[in-house]
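Reader: Could you take me through the empty spaces in this protein, and then a few residues worth a closer look? Keep it casual, but give me the cut-offs.

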Amino acid sequence: MVPVSDVGLGDRAAQVLRRNDLGSMTAAAPRLYPHMWSWDSALIAVGLAQLSVPRAVTELRTLLRAQWSTGMIPHIVFSAGDGYFPGPERWGTQAAAAAPASVRTSGICQPPVHAVAVRRIVDAGRRAGGSAREEAEAFVRETFGAWLAWHRWLATARDPDRRGLVEIYHGWESGMDNSPRWDRPYAAVVPGAELPSFVRTDVDHVGDARERPTDAEYGRYLWLVEQLRRVGYDDDAARDVVGFRVADVFTSAILAVASEELALLGEELGAGSGDDVAELRELAARFRAGVASTVSPSTGLARDLDRRSGEWIETETVAGFAPLLCGPDDRQRELFWGERWCGHPALAHPLPPTVSPSDPGLQPRAYWRGPVWPIVSWLFSWAFARHGDDDGAGRLREASLRQLAAGDFGEYYEPFTGEPLGSLHQSWTAAVTLDWLSR
């Protein structure tokens with residue numbers, strides 16, 4: 001165990017969240033990410049709940065105010081500040097029929113980890129008791145319908161053939177922006193001559209531009225935004241025009257466990273109807289089965305499906321362990337802790353890099369192409385504990401706290417040296433640190 005008093009992480013993590021607090025939302029990072037990101041905010045709320053249940057509730061209320069009429073929760077909610085590209089003008093969502101009238105947002109989504117965060121807020125409220133418990137449980141009853149609408153949108157607009165796999169239209173929707181999972185689908189995206197020019201700001205906030213996606217990658221990212229903007233972010237029209245359509249196995253696994261958590265919360269607190277709870281359980285079962293259907297018989301890893309070419313994506317990334325989020329899996333557990341992954345002898349800490357350390361294509365400093373992300377370690381640690389694997393959860397917790405002991409709260413970490421990379425003082429890194437320390 002790593003006591004709080006020995007590493008001093010608790011106070012420093014809390015300080016990061018207070019410093020990045022914009023009032024009713026938390027900036028993902030002080031310079032590189034000055035706005036609210038959807039899955040960041042959910043995991044930030046997990047940490048905020050250890051400091052103040054009311055503040056954690058406020059975080060998610062702010063996010064829900066940006067929910068579209070379709071049920072989609074957008075991946076960015078813009079604050080009043082500037083300094084980020086692409087900003088609201090580039091997204092042009094004010095012309096979208098489903099967008100909220102008074103909130104500036106992007107036009108795509110991110111993984112649906114929110115019900116997991118709501119569960120952790122309720123857990124924290126119940127530990128604290130009194131008004132904290134009352135507020136957490138009242139929040140579930142009040143917002144249950146909004147979270148249900150979010151899950152329904154994913155299960156219909158993004159799984160129209162009911163395959164149990166969430167379809168994404170941009171690598172940004174996966175949260176793993178430039179993962180090698182997306183290399184082949186992105187290669188088929190050819191920006192049109194009419195793509196508006198752009199000047200990036202992200203490379204101004206990191207010490208080494210190699211830690212960020214390339215300009216060529218960014219051109220493809222922005223062309224997909226342009227394609228979606230031109231059809232007003234309409235779900236049906238987007239499916240026909242967008243150049244990137246992939247069934248994302250990791251997002252599908254998150255939807256499965258989040259649907260189950262939301263069903264349990266509804267049942268415990270009398271939120272929603274019995275039919276709503278049954279619907280969520282059906283969604284959980286459908287997406288668990290979808291995830292299981294992608295597992296390669298040869299490698300044992302789950303795979304994404306390129307819906308445009310109809311081909312499996314066999315790239316060996318951490319997303320291949322999506323089934324472990326859904327439940328115990330002996331073969332996957334052996335692979336996860338084996339020498340190709342967390343047991344690789346050259347790793348600074350026995351934690352999952354985004355690409356296997358045995359893969360010759362691993363780029364140890366390049367964003368989602370090799371580094372270790374604390375939030376990914378947290379997701380697996382949470383899932384292991386949820387499914388009764390206390391040993392696995394504890395191993396990830398203790399290794400992660402050792403990785404984070406210097407208090408830099410990096411966005412991601414070099415897997416072999418442990419060096420913090422990307423944006424420092426990252427809110428969701430500080431937040432999951434607080435959650436680990438609370439256990």
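Author: Here is a walk through the spaces, followed by the core and three single residues. A quick note on the source: this is a predicted model, where local features need pLDDT of at least 70 and side-chain atom pairs count only at pLDDT 80 or more, while totals for chains, interfaces and linings use all residues. Residues are numbered from 1 along each chain as its sequence is written, and side-chain values use heavy atoms, with hydrogens and water left out.

Let's begin with the spaces. Rolling a probe the size of a water molecule over the atoms shows where empty space is left. On a 1 Å grid over the protein atoms alone, a cavity is a set of points where a 1.4 Å probe fits but cannot get out, whereas a pocket is an open set with protein on both sides within 12 Å along at least five of seven lines; lining residues have an atom within 4 Å of a point. Grid points are joined across faces, edges and corners, and a volume is the space filled by probe spheres set on the points.

Four cavities of 30 Å³ or more turn up in the structure. The largest cavity holds about 220 Å³. It is lined by 20 residues, and Tyr33, Trp37, Gln110, Asp177 and Tyr367 are the closest to its centre. That lining splits into 12 nonpolar, four polar and four charged residues (Ala, Val, Leu, Ile, Met, Phe, Trp, Tyr, Cys and Pro count as nonpolar, Asp, Glu, Lys and Arg as charged, and the others, Gly among them, as polar).

The second largest cavity has about 50 Å³ of space. Its lining includes Arg181, Arg303 and Asp304, and by class there are four nonpolar, three polar and three charged residues. As for the largest pocket, its volume is about 190 Å³. Of the 18 residues lining that pocket, Trp68, Gly232, Tyr233, Asp234 and Asp235 lie nearest its centre.

Now the packing. The largest nonpolar core (buried Ala, Val, Leu, Ile, Met, Phe, Trp, Tyr and Cys residues joined through side-chain atoms within 4.5 Å) has 142 residues, and Trp378 and Phe380 are among those with the most contacts inside it. Leaving out residues up to four places away in sequence, Phe380 touches Phe250, Val318, Phe321, Leu324, Leu325, Phe336 and Leu396 (contact means heavy atoms within 4.5 Å).

Arg120 sits in helix H6 (residues 114-128); helices (H or I, at least four residues) and strands (E, at least two) are DSSP runs, numbered from the N terminus. Arg120 counts as buried because its relative accessible area is 9% (buried is under 20%, exposed over 50%, partly exposed in between, with a 1.4 Å probe and protein chains only). Beyond four places in sequence, its contacts include Trp378, Trp382 and Asp435. Its side chain also makes a 3.2 Å polar contact with that of Asp123 (a pair of N or O atoms within 3.5 Å; within protein, one must be able to donate a hydrogen and the other to accept it, and residues adjacent in sequence count only if both atoms are side-chain atoms).

Finally, two loop residues. Most residues other than glycine have a negative phi. Arg162 has a positive phi, near 55°, and Phe409 has one near 50°. Arg162 is exposed, at 52% relative accessibility, while Phe409 is buried, at 0%.
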